[in-house]
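Subject: Structure handover

Hello,

Here is the structure you were expecting. My notes on it follow below.

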Amino acid sequence: MSLLMLMLLSALAKNQAQAHAVFNIKDFGAVGDGKTDNKKALYDVWNGACRSKGTNVIVIPSGTYLLGPVVLTGPCNGAIAFLIKGALRASNSPQLGIDHWITFRFIDRLTITGGVLDGQGAASWPYNDCSKNPNCKALPVTMRFDFVTNAWIHDVTSLNSKNFHFNLFSCRDVTFEHVTITAPKDSPNTDGIHMAFSSNITIRDSAIGTGDDCISLGPGSENIKMTGIACGPGHGVSIGSLGGSPNEPPVTNVFLGSSTFTGTMNALRIKTKAPSYQGVVTDITFQDIFVKDAGNPIIIDQQYCPSKTCSPQVSLLFSNMHDILHLLEDHLHAIHQTGE
């Protein structure tokens, strides 16, 4: 039995449902030649699986499947398990003005197992100039999760996103496990995993190297647990930027542990815009962190201003920042011991 099939059986057990049907995308006209757009085939296979009860398995066989932007919408009548044996490849054009490549929306009980997501981001990176161009156009996020609950994304590789690799909005009970995320260190805005207005999110045992934050937490991130993260290159793990809008919900109960940062701009960062609206960050724990060749091991930046045209103002309140000073002392000792 193949490793991917074992993963799939584990995913089915996690969703506590037996497979009702298997939907092979090739049976719906997909061609894995890396040239044929398989957007229609994916919509057709999704509609069939989403209508069925039980746990329904969508299989992407070996091959490279070119895919235009899609929005896969629920609610569905049962759980959905994607088994990706091959690679999904985005368009090699900039895709200006489009904010997504693959979006899952209003779905409960979603599993994505294996495979490669090739964002072909180099076509878009020259157009990622929002820090200096107020009229910049949106660029596609590789995979968006909007209003998704009870999801498990594991053993997936995401390469060279045009914008963020993964984006969670208003999600709950989502786990990323054994995920590999890669983009060049000079690729702009290629955050590994970004979330906002989401709760009960777990990220564990994953390797993330990008041109921006390995993981970033926006407003309303609650009960977030990150362990076993290997970050680098990139900007580290960031809370923020915050304070861009009035009445933002707090960021609370965040744990980052047993992780390494190598060659990153920062390791652990909390950042608020300048000027910013008032907000709250509370119950943050950083524990057992190893940092090597990072610009800032820990930084709390309340004057974050990528456009360099901001006015100073501090409005964010912090509370229950566990063990920050102890962690900083440990890190400084490690620098002395290694001579860095």
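The first item is a nonpolar patch on the surface, covering about 360 Å² and made by Phe106, Phe147, Phe169 and Phe197. Please keep in mind that this is a predicted model. Of the four, Phe106 sits in strand β8, which covers residues 100–113. Phe106 has a relative accessible area of 41% and therefore counts as partly exposed, the class between 20% and 50%.

Overall make-up

The protein chain has 340 residues, and 51% of them count as buried. Its secondary structure consists of 24 strands and 3 helices. Taking contacts between residues at least 6 apart in sequence, 76% join residues at least 24 apart. The chain has an accessible surface of about 14600 Å², and carbon and sulfur atoms account for 52% of that surface.

The largest pocket

The largest pocket holds about 1300 Å³ of space. Its lining comes to 47 residues, and those nearest the pocket centre are Asn189, Ser241, Lys273, Tyr304 and Pro306. Strands β10, β12 (166–169), β15 (193–196), β19, β21 (266–273) and β23 (296–304) each give two or more residues to this lining.

Which residues does Ser241 touch, leaving aside its neighbours within four places in sequence? They are Lys271, Lys273 and Tyr304. Two of these contacts, Lys273 and Tyr304, are also among the residues listed nearest the centre of the pocket. Ser241 itself belongs to strand β19, residues 237–242. With a relative accessible area of 24%, Ser241 is partly exposed, because buried would require a value under 20%. The C-alpha atom of Ser241 lies 9.6 Å from that of Cys305, although 64 residues separate the two along the chain.

Cavities

How many cavities of 30 Å³ or more are there? The count is 3. About 70 Å³ of space lies in the largest cavity. The residues that line this cavity are Pro69, Ala90, Ser91, Gln95, His100, Trp101, Gly119, Pro140, Val141, Thr142 and Lys162. The elements that give two or more residues to the lining are β8 and β10, the latter spanning 141–154. Strand β8 is also where Phe106 of the surface patch is found, and β10 also contributes to the lining of the largest pocket.

That is the end of my notes.

Regards

Note on methods: Residues numbered from 1 in each chain as written. Predicted model: local features only at pLDDT ≥ 70, side-chain atom pairs only at ≥ 80, totals over all residues. Heavy atoms only, no water. Patch = residues over 30% accessible without salt bridge, like charges linked within 9 Å, V, L, I, M, F, W, Y side chains within 5 Å. Areas by Shrake-Rupley, 256 points an atom, 1.4 Å probe, with all protein chains shown as cover. Salt bridge = Lys/Arg side-chain N within 4 Å of Asp/Glu carboxyl O. Buried < 20%, exposed > 50% of the residue type's maximum accessible area, 1.4 Å probe, protein only. Contact = heavy atoms within 4.5 Å. 1 Å grid on protein atoms, 1.4 Å probe; cavity = no way out; pocket = protein on both sides within 12 Å on 5 of 7 lines; lining within 4 Å. Points joined across faces, edges and corners; volume = space filled by probe spheres on them.
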